[in-house]
Amino acid sequence: MSLWASDLHRERIDLLIERLGYARDEDFVRRAEQLELSQVSHAVESAFASMGVVGALCLSSRLASGQARRVPVVYLVSALDGKDADARHRAIWSQSVAPVVLIATPDFVQVRNGFHPQAKGPEFGWETLSAEVLPKALVSLTSSNVRSAASWQSFGGVEIRVDERLGKAIEALSIDIRANDPRLASRADAINSVIGRFLYLYMLVDRGILDQKWVDGLRRDDGERACPNIRLHEGWAAGEARPAQWSSAEIWFLFDAIDEVLNGSIFPLPKSQRHLFDDVALHLIRRALRADTLKDGKQQYGFLDVDYATIRTETVSSIYECFFELEAGGGKADQGAYYTPSFVVDYILDEIDAIAPLTAASRVMDPACGSGAFLVGAFRRIVEGERRQGRKPDPLRLREILETTVMGIELKPQAANVARFSLYLTMLDYMPGVTLNSVRAETRGARLFPNLEDRIVAGDTFRALPVAMRGMATHVLGNPPWTKIEAGDTSASAYRARLLSAVGEDETQFMANDGPMAEAFFWRAARDICRSDGQIAFVMPTKSFIAPMAKWFPCALASRTTLNGITNLAHFREHLFTNARAAATVIFASPAAPPALNRAWRYSPKPTSQPIGRDGMPWAIVVDRGQVEHFVQTDLLTRHHKWFRDLMLQPLDRMIASMLEQHPAPPPPKVRAGKRIKTLANGELAEPAAEARPLLNLGGFLKRTGMEILVGDSASRIGLPNDLVLNTKANDFRLRLGLTDGLEGDYHLSEDLLDGLRGRYRRLFRGPMILMTRNQSGLYLIDQPVAFSSSIQGLHFETDVVPSEQRLAVLTEIAAYLRTSVGRYLLALFGRLWVFDQRRIETPDLRSMPFPFRTVEDLLLHRPSVMDDEAFTRFCRDAFDLDDDLFELAVAEHHELREAYQDGRRPALAASAPGDVVHLNYGRVLEHQLSDMLASSDLNIVIDMTKVTSSNLVRVFVGAGDHDMPLDAPLCIDREFSPEAGIMMQDVGDTLIADVIKPRMRSAWTVERAYADALALAERIMAA
């Protein structure tokens, strides 16, 4: 079918391309061959071949490792009419690659959501292209605007991703079948196998691999047709046959015949269990999948929205996600198993492919492969690499690549089946025109698919490895389970024990005694699976690096492996894994010992710098080069290094936190002669210099004033009845103490009971005190005896240093301090888990918080409770001996904007337009910090902010000597996509000019961003 209704239709689409600015945009491709190797090359190629795509805007960007990358954003689709547009939209949604679909029919232009099967924007007549100003929906898609992070929110949401729709539909169907057939009520596993088999059947049908002619040619042993009643094309559309009941004998014969040709059974169901499914049960499943109804003409599930001809193989992993949930009865979280979204897999594979290219000589291993998402992506990149080099693999070559390049181990057999299934489907993606009738000829008589049972092994990674997997992998990739190793995990426990015994008392042991499963998987990969010169890319729980007990794993990682990079995805929490709040960090490393001056990168993307729709769901990970920092690996081994700050804090906050810890301290207690304190330096144990402790912190103040912060305890340990030990749940202290408006307290702890407690509890519970929930949801001043559990922290008096008449006043001012903007900001800088998930602030973190008062007299003289926020911030700056107003700007900005980023949130203010004051502060900080960073270079720096309002452009001129700067030099135009700060460099005479392009959104013009941009500019300038 022609893509063009007429020459006029073609001309109008050309005009649309011109008005959107795509005609001169190097990132706009009109043929699939123009798109260089990317993570979705095959998907874009398929879109051009079968979905009516006549152009694709695939933005160029850079990875954290520096390599180029393409991100599809807009598909331009030619459709003949509205019905044709709907069909093409459905196919593109099933692929789920591009967020925006721009439909062009002979009568109208329409913007649609590529991640929603029915979402349609307004229609615009072609006459609108002649207007001076385009409609707002089209303006957001122009070449310049689409590169701005500010425009992404107008793309809509991804709340109906194809993987989620398919998973929900399967779940609903499985529940209905179990409800309708008592024999299957407890057999979710068997139902899953049959659903999987039918999905496989229709993928083969819709991709043209299985046709009616082949089915009609099947014969029984007696020569009669084996499947006379099976009709592959049926449904409720005009001209289609209504779904008729197939006999179970014909269905199983068909499935077995397909397996015989293609080699191996997908979603196998033992013959001994086939009797569970009679003709009626099989018909219900097939009818729902193909006609999407159990009652004539009434859609129930949503399967009709899915186009099996275009759905990406990577999406098939979601089938197993649903199967596992159904079979586990909701116990997925207990097993730490979560489906890794395709956009996360794509990003990780892009980075690892840039670090160590994936080729036909690679050996890729996933030791917890699940449904095979990483292996499918790796196999696809290897095949794409062959094609880009002009070697178009034939079926035998594809088979050879598949059976030699990828390997995996998976504990659950059903998941291993899905992994093999996914790899087979990926192989079919590169065999256009091959059908079951032509397989024998194409493969010279061999079966099409290799037997992968020895390559994708259903087994336990911590037991004996197959020979082919022992130290042979060039790339080890994956997202291993994050659960703790329990007593019943005998193989994992035994492996951990072997690790611990291998290092003895060494401070750089691999993991703690209660280390999580993911850490054991990493060391299994590094020590036993990966080659010494190979590469590892693992999705790890962020808590392995920043939790209070996280010590051994990050220390061993930094000392025993060569780090390439760290990508912290903590800001994506709640949006990475379905129904999970866990934060993830991706580690890129080699098992080899690190060189002395190894440099690695770290990247912590914020939600506002990422492609995230209105619903907060991401559809890609884009690297904002201004947020990529480089560091020397040995810096991770210094005594005072804090992983929390590396991963969770932005550069400005990290710098301020370090400055606050560098004040002179009182002489530390003397260490007994001969006592050694060990630390790590350059991978070796060494004697450190005397440790300097900050003078002005809350812990120091409390110690000097006879105060302390402690958590409570259980009723049994305290020695009191449960009713007298308050908590934050059933026996809520706020209700019992009358701290909630309108309620009167009913709690009383008598002096006799208090005096009968052990000394520690008497002091902790006597009062007065500040009671704090560990999530800091409230600070409560209490002037009576109160016993409480470990869910509550109590700031109390241990000794009589503070006179009784001053105690309430002292507590009042401490509570006031913690509520100030300074207090909230410093809580984020020093509270490891607070900024991470806002669930709790640990007592050691509270003690380490900077506190601007040395004595009780200081505190009561400069009361936080009576100062306004601005005045108190200035007071703190002076008390902390900070020499400029950067601290004040950071505190104010945190209060106004950045605090709302915590716990994976995205503040609404971030997308608003910046005002003049915001621009001014950005320019001041950029100029000051850049001058400081380049002070030793004798370079002259001029920053031009005159084009900020009109062009969102900051120009930085750098020259040596006193020559005049070419302030009127033309702009350096580069299409590279960098969401919040695109930096383009050019030489004009003796002057280096850096043009910083920024979107018109508040988050791109913060003082925190100015500091990060100064770091990026300084690095680029010194490298030029």
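## Salt bridges between distant parts of the chain

In this predicted model, the side chains of Glu896 and Arg1002 meet in a salt bridge, with 3.2 Å from N to O. The pair links distant parts of the chain, since Glu896 belongs to helix α33 (residues 886-896) while Arg1002 sits in the loop between β27 (991-997) and α36, 106 residues apart. The two partners can also be described by their accessibility: Glu896 is partly exposed, with a relative accessible area of 46%, whereas Arg1002, at 6% relative accessibility, counts as buried.

Another such contact is formed by Arg387 and Glu45, whose closest N and O atoms are 2.9 Å apart. Here the pair connects helix α12 (residues 373-388), which holds Arg387, with helix α2 (residues 41-50), which holds Glu45, and the two residues are 342 residues apart. Arg387 is partly exposed, with a relative accessible area of 24%, and Glu45 is partly exposed as well, at 29%.

## A buried pair and its network

Lys606 forms a salt bridge with Glu1008, in which the closest N and O atoms are 3.2 Å apart. Lys606 lies in the loop between β14 (599-603) and β15 (628-632), and Glu1008 in helix α36 (residues 1007-1023), so the pair ties together parts of the chain that are 402 residues apart in sequence. Both Lys606 and Glu1008 are buried.

These two residues also belong to a network of salt bridges, in which Lys606 and Glu1008 are linked with Asp624, Glu980, Lys998, Arg1009 and Asp1013. In the structure as a whole, the salt bridges number 59.

## Cysteines

A search of the whole structure for disulfides finds zero. Among the cysteines, Cys369 is buried, with a relative accessible area of 5%, and Cys530 likewise counts as buried at 5% relative accessibility.

## Internal cavities

The structure contains five cavities of 30 Å³ or more, and the largest cavity has a volume of about 290 Å³. Its lining is made up of 24 residues, of which Ser96, Arg312, Ser342, Phe343 and Trp619 lie nearest the centre of the cavity. The elements that give two or more residues to this lining are strand β3 (68-78) and the helices α5 (162-180) and α11 (342-355).

By residue class, the lining of the largest cavity divides into 14 nonpolar, five polar and five charged residues.

Key:
Residues numbered from 1 in each chain as written. Predicted model: local features only at pLDDT ≥ 70, side-chain atom pairs only at ≥ 80, totals over all residues. Heavy atoms only, no water. 1 Å grid on protein atoms, 1.4 Å probe; cavity = no way out; pocket = protein on both sides within 12 Å on 5 of 7 lines; lining within 4 Å. Points joined across faces, edges and corners; volume = space filled by probe spheres on them. Helix = DSSP H or I, 4+ residues; strand = E, 2+ residues; numbered from the N terminus. Nonpolar A, V, L, I, M, F, W, Y, C, P; charged D, E, K, R; others polar. Disulfide = S-S within 2.5 Å. Buried < 20%, exposed > 50% of the residue type's maximum accessible area, 1.4 Å probe, protein only. Salt bridge = Lys/Arg side-chain N within 4 Å of Asp/Glu carboxyl O.
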